[in-house]
Amino acid sequence: MSQAGLCLEDLTVGKSSERMHTVVEGDLTAFAAVSGDHNPVHLDEAYAAATPFKGRIAHGMLSAAYISAVLGMDLPGPGAVYLSQTLAFKRPVRIGDTVLTRATVTAIDDAKARITLKTECIVAGKSVVDGEAVVMVPRRPVDADVAAATEVA
């Protein structure tokens, strides 16, 4: 696994990356343990069966965490700093669902070294979460030898 992600200079509008993850029982219990969200709609089948969802659903923020994984590991990747995220939860995610998470660069702010990305999670071709993220991206380091040669020329 690389410890360096993409630099601002590597990015273009339209560049995208995606990951897939199939939700399993352990994801819900681990997320509940880490987040403290033990809402029975996520953890108790009997309780959840009596809700409009007719069964357990994953935490909405678990899908948001899949977005974080794409941004932090792939696009732009390690070195990026998450600044903001909007989220709209469209449909429930259930145990056994395979979530396709995609981030696509929609704008680049060269002056501030920030990018804006459309973020989405999709299950069986249908949007379950969508939103927009703003991420600070490192610039490519200037090589001292190249800089010195440029100054002499």
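Buried means under 20% relative accessible area, exposed means over 50%, and partly exposed lies in between. The model is predicted.

**Exercise 1. Classify aspartate 10 and arginine 140, then say what their contact links.**

Step 1. Take the relative accessible area of aspartate 10: 30%. The cut-offs for the middle class are 20% and 50%. Aspartate 10 is therefore partly exposed.

Step 2. Do the same for arginine 140. Its relative accessibility is 42%, so arginine 140 is partly exposed too.

Step 3. Find the contact. Aspartate 10 and arginine 140 form a salt bridge, with the closest N and O atoms 2.1 Å apart.

Step 4. Place both ends. Aspartate 10 sits in the segment before strand 1 (16-22), and arginine 140 in the loop between strand 5 (126-136) and helix 5 (144-152). The two parts are 130 residues apart in sequence, so the pair ties them together.

**Exercise 2. Locate other salt bridges of the structure.**

Step 1. Start with the total: the structure holds seven salt bridges.

Step 2. Take lysine 90 and aspartate 130. Their side chains meet in a salt bridge, 3.9 Å from N to O. The cut-off is 4 Å, so the pair counts. Lysine 90 is in the loop between strand 2 (81-89) and strand 3 (98-109), while aspartate 130 is in strand 5, 40 residues apart. Lysine 90 is partly exposed at 48%. Aspartate 130 is partly exposed at 24%.

Step 3. Take arginine 139 and aspartate 110. The closest N and O atoms of this salt bridge are 3.5 Å apart. Arginine 139 lies in the loop between strand 5 and helix 5, and aspartate 110 in the loop between strand 3 and strand 4 (114-123), 29 residues apart. Arginine 139 is partly exposed at 39%. Aspartate 110 is partly exposed at 49%.

Step 4. Look for a network. Salt bridges link Glu18, Arg102 and Glu120. Arginine 102 also has glutamate 120 in strand 4 as its bridge partner.

**Exercise 3. Work out the layout of the sheet.**

Step 1. Read the strand order. Five strands form an open sheet in the order 1-3-4-5-2, and the pairing is antiparallel.

Step 2. Find the edges. Strand 1 and strand 2 each have a single partner strand, so one side of each has no neighbour in the sheet.

Step 3. Check the twist. Neighbouring strands are turned by 20° against each other on average, direction ignored.

Step 4. Go through two pairings. Strand 1 and strand 3 run antiparallel and are joined by seven bridges. Within strand 3, threonine 101 is the bridge partner of arginine 19. Strand 3 and strand 4 pair antiparallel over 10 bridges. Here alanine 103 stands opposite threonine 119 in strand 4.

Step 5. Follow the turn. The hairpin of strand 3 and strand 4 has four residues between the strands, and alanine 113 takes a positive phi near 55° there.

Step 6. Add the helix on the sheet. Helix 4 (residues 60-73) lies across strand 1, strand 2, strand 3, strand 4 and strand 5. Helix 4 runs at about 145° to strand 2.

**Exercise 4. Find the two sides of helix 1.**

Step 1. List the buried residues. In helix 1 (residues 25-35) they are Asp27, Leu28, Phe31 and Ala32.

Step 2. Look down the axis. The buried residues of helix 1 fall within an arc of 130°, so they line one face.

Step 3. Turn to the other side. Ala33 and Val34 are exposed there.

Step 4. Identify the cover. Strand 1, helix 2 (40-43) and helix 4 are among the elements that cover the buried residues of helix 1.

Step 5. Move past the end. Glycine 36, just after helix 1, takes a positive phi of about 85°.

**Exercise 5. Describe the surroundings of valine 99.**

Step 1. Place the residue. Valine 99 is in strand 3.

Step 2. Classify it. The relative accessibility of valine 99 is 1%, so with a cut-off of 20% it is buried.

Step 3. List contacts. Leaving out residues up to four places away in sequence, valine 99 touches Arg19, Met20, His21, Val23, Tyr66, Val93, Cys121, Ile122 and Val123.

Step 4. Compare with a residue elsewhere in the chain. Aspartate 143 is 44 residues from valine 99 along the chain, and their C-alpha atoms are separated by 41 Å.

Definitions and conventions. Residues are numbered from 1 along each chain as its sequence is written. This is a predicted model: local features need pLDDT of at least 70, side-chain atom pairs count only at pLDDT 80 or more; totals for chains, interfaces and linings use all residues. Side-chain values use heavy atoms; hydrogens and water are left out. Buried means under 20% relative accessible area, exposed over 50%, partly exposed in between (1.4 Å probe, protein chains only). Two strands pair if DSSP finds at least two bridges between them. Axes are lines fitted to C-alpha atoms, for helices over the stretch in contact, and angles run from 0 to 180 degrees between N-to-C directions. Contact means heavy atoms within 4.5 Å. The arc is that of the directions from the helix axis to the C-beta atoms.
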